[in-house]
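Here is a friendly walk through one structure, from the single chain to its domains, the pairing of copies and one strand. Keep the viewer open as you read.

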2 protein chains.
Amino acid sequence: MRKPFKLKNKVYIAASASAAGRDEAAGPLGDLFDVTDTADNRFGEDTWEKAESAMQRLALDAALRRAGIGAEEIDALFAGDLLDQCVSSNYAHAESGIPYLGLYGACSTAAEGMILASLACEAGLGTCAAVTSSHFCSAERQFRFPLEYGGQRTPTSQWTVTAAGAFIISRERRAGGVLPRVTEIMPGRIVDRGISDLSNMGAAMAPAAADTLLGYFESGGEPRDFDLIVTGDLGREGSDILRDLCAASGLDIAPRHADCGLMIFDGCSDKHAGGSGCGCSAAVMASDVLKNVRNGTLCNVLFVGTGALMSPLTVNQGASIPGIAHLVHITGEEV
Amino acid sequence: MRKPFKLKNKVYIAASASAAGRDEAAGPLGDLFDVTDTADNRFGEDTWEKAESAMQRLALDAALRRAGIGAEEIDALFAGDLLDQCVSSNYAHAESGIPYLGLYGACSTAAEGMILASLACEAGLGTCAAVTSSHFCSAERQFRFPLEYGGQRTPTSQWTVTAAGAFIISRERRAGGVLPRVTEIMPGRIVDRGISDLSNMGAAMAPAAADTLLGYFESGGEPRDFDLIVTGDLGREGSDILRDLCAASGLDIAPRHADCGLMIFDGCSDKHAGGSGCGCSAAVMASDVLKNVRNGTLCNVLFVGTGALMSPLTVNQGASIPGIAHLVHITGEEV
């Protein structure tokens, strides 16, 4: 499918919510997150993995409350994360009783979950949810170095965001005012341009984002039709590469482009090229972007969730890092 | 959703195909697999992970050929596997150019992929595909012991199947005769009954299979309405537990029940409680079961794909093993 799929039905993001850690709470979007742990990022748990599960539950619970529905009204929950076998998602929802469909899209999981929840609603399911998370401490020791090692970070490295974001997606109009509506979806293709540096995920993902955006605009329209084209977590390095790649193909996205990885840590020190992780775009979309759709500041948004699909094992085996980017077109609509 | 979702449109499994390793080829279903490597299970690759990727490509290519379509006609590919970050799927399809949605459902991935591909077709996408795989050698060293260690296996342990299965799912009727049609789907809930033995996955998954089957039959019908109720990979231990759990709730599935993990290694030595892994139910469904639907031997089948959602890390942290079971109702229909 090199063209976007237009939803015939009116599918809304009825509510969204986020949970975030200390550094994220101290950043420019800190006031917008629904739940934060400004003490120690443990969310009351004794392992980092359980803390990440707790964030998913907190974000989903907050989104359900905001939508005014109970867990038993969710027909399908789409969830995933960065950890081996997606355990922070699996264990987060083991007692929820919600029908559960596990995803692995790396940092693109928020967009993948929105796409699949929207397709499920389009197919006739009543209400679905999508949730995802990442935690700096569970990810860092799994993908790079033990935390205690205190490894130096390169300038292109990104900081795995400690956060979760949840979205309630439904064909029913559960609230008055303006609601974000999912009008088009476009799953991405895997693109591998030979980057093999685990500390430069932006460069690995940017070609996939360019592939998806170029594919999207092949079927018409131009970047200035949108109020915002927001990528998942390319960071500084990846954002520059994406703009260059698009410009080289005659597509000038720069005036409309923003990146969740840059937004969440804008002005923060020691975050190098910016934020990354499933929780990055999930929390930024669930808080800042969708809030601005609801209040009318943004009417027409392209969300391009980006992910890097390697594992430490494949990198150690010498393989390069494949990237992917899934697109969700969101408009604000009076209901 | 404690009731199954009925598809309004006619969604067919237009074609299916499988690839399998040496032991699987020597088993009772060996002649039914489309591609086998009876030499060394490497499928021409130099790592087990790449061999697993190769199996996914071989199975998908064979399914596409059988459906008479090219990769460019696939609107979305749903793929996943057991490996950390699902890398055998990610790398298998990095050059295919097919829009890609990654899944993590552990051994339930074949059923999860069928569900999501069917929902996507119901929503209006033209043709989708689902593919999954497992490889004994990539899984064993990741989840249990290094192969060279030669660990003793307990009687309840299951043998990760070296195989892949692919399904082309479409609303278009691409072939004459009888085609398998997906009429109902029911994503499962996560169920954790406290099993923590990595060598007894059947016991960990059986309660989830019981939960899904009991939920399904709550909305009417009974097991004898079906020609076959086939679970993914509960093996001997898990199958016994499932039948007991269902019987204790007044549901007698025994006369109709079969298990892919028992079917694939029936009569084989040294496979202990039977087969497991994403490739187990995928290959058995793609070969034996769907062939029998197409030739009219089976007209009405419930497929219940089962998965265990732990990781080695969570087990080492003392957590028990959550299970899940997704249901797909398949009927044979003259087209």
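In this predicted model, 64% of the 335 residues in chain A are buried. The secondary structure of chain A comes to ten helices and 13 strands. Along the principal axes, the C-alpha atoms of chain A fill a box of roughly 50 × 50 × 35 Å. How does the radius of gyration of chain A fit with a compact globule? A compact globule of 335 residues would have a value near 20 Å, and the 18 Å of chain A agrees with that. Contacts in chain A also reach across the sequence: of those between residues at least 6 apart, 80% join residues at least 24 apart.

**Two domains in chain A**

The domain assignment splits chain A into domain 1 (8–170) and domain 2 (178–334). Their centres, taken over C-alpha atoms, are separated by 17 Å. Where the two domains of chain A touch, 52 residues of domain 1 are in contact with 53 residues of domain 2. Several elements of chain A give two or more residues to the domain 1 side of this contact, including β1 (5–20), α4 (109–123), β5 (127–134) and β7 (163–170). The top contributor to that side is β1(A), with nine residues.

**How the chains meet**

Chain B can be laid on chain A by a turn of 180 degrees and a shift of 0.0 Å along the axis, with an RMSD of 0.0 Å. The two copies are thus related as by a two-fold rotation axis. The contact between them takes 49 residues from chain B and 49 residues from chain A. Do the copies meet through the same surface or through different ones? They meet through the same surface, because 100% of the interface residues of chain B are also interface residues in chain A.

On the side of chain B that touches chain A, the elements that each supply at least two residues include β3 (76–81), α3 (87–92), β4 (100–103) and α10 (312–316) of chain B. The most comes from α4(B), with six residues.

The table sets out the residue classes for the two contact sides described above.

| Contact side | Nonpolar | Polar | Charged |
|---|---|---|---|
| Domain 1 of chain A, touching domain 2 of chain A | 27 residues | 18 residues | seven residues |
| Chain B, touching chain A | 28 residues | 13 residues | eight residues |

**A covered strand: β7 of chain B**

Now turn to strand β7 (residues 163–170) of chain B, which is mostly covered, with eight of its eight residues buried. In a regular strand the side chains alternate between the two faces of the sheet. In β7(B), one way point B:A163, B:G165, B:F167 and B:I169. The other way point B:A164, B:A166, B:I168 and B:S170, and the residues of both sets are all buried.

Which strands pair with β7(B)? One is β1(B), which pairs with β7(B) in the antiparallel sense over eight bridges. Along that pairing, B:A19 has B:A164 as its bridge partner in β7(B). Another is strand β5 (residues 127–134) of chain B, again antiparallel to β7(B) and again over eight bridges. Here B:T132 has B:G165 as its bridge partner in β7(B).

Key
Residues are numbered from 1 along each chain as its sequence is written. Chains are lettered from A and ligands numbered from 1 in the order in which they are written. This is a predicted model: local features need pLDDT of at least 70, side-chain atom pairs count only at pLDDT 80 or more; totals for chains, interfaces and linings use all residues. Copies are superposed by least squares on the C-alpha atoms of residues with pLDDT of at least 70 in both. Two residues are in contact if their C-beta atoms, placed from the backbone, lie within 7 Å. Domain bounds come from an automatic or database domain assignment. Helices (H or I, at least four residues) and strands (E, at least two) are DSSP runs, numbered from the N terminus. Ala, Val, Leu, Ile, Met, Phe, Trp, Tyr, Cys and Pro count as nonpolar, Asp, Glu, Lys and Arg as charged, and the others, Gly among them, as polar. A residue is buried if 20 or more other C-beta atoms lie within 10 Å of its own, exposed if 12 or fewer, and partly exposed in between; C-beta atoms are placed from the backbone. Two strands pair if DSSP finds at least two bridges between them. The radius of gyration is taken over C-alpha atoms; the globule rule is 2.2 Å times the number of residues to the power 0.38.
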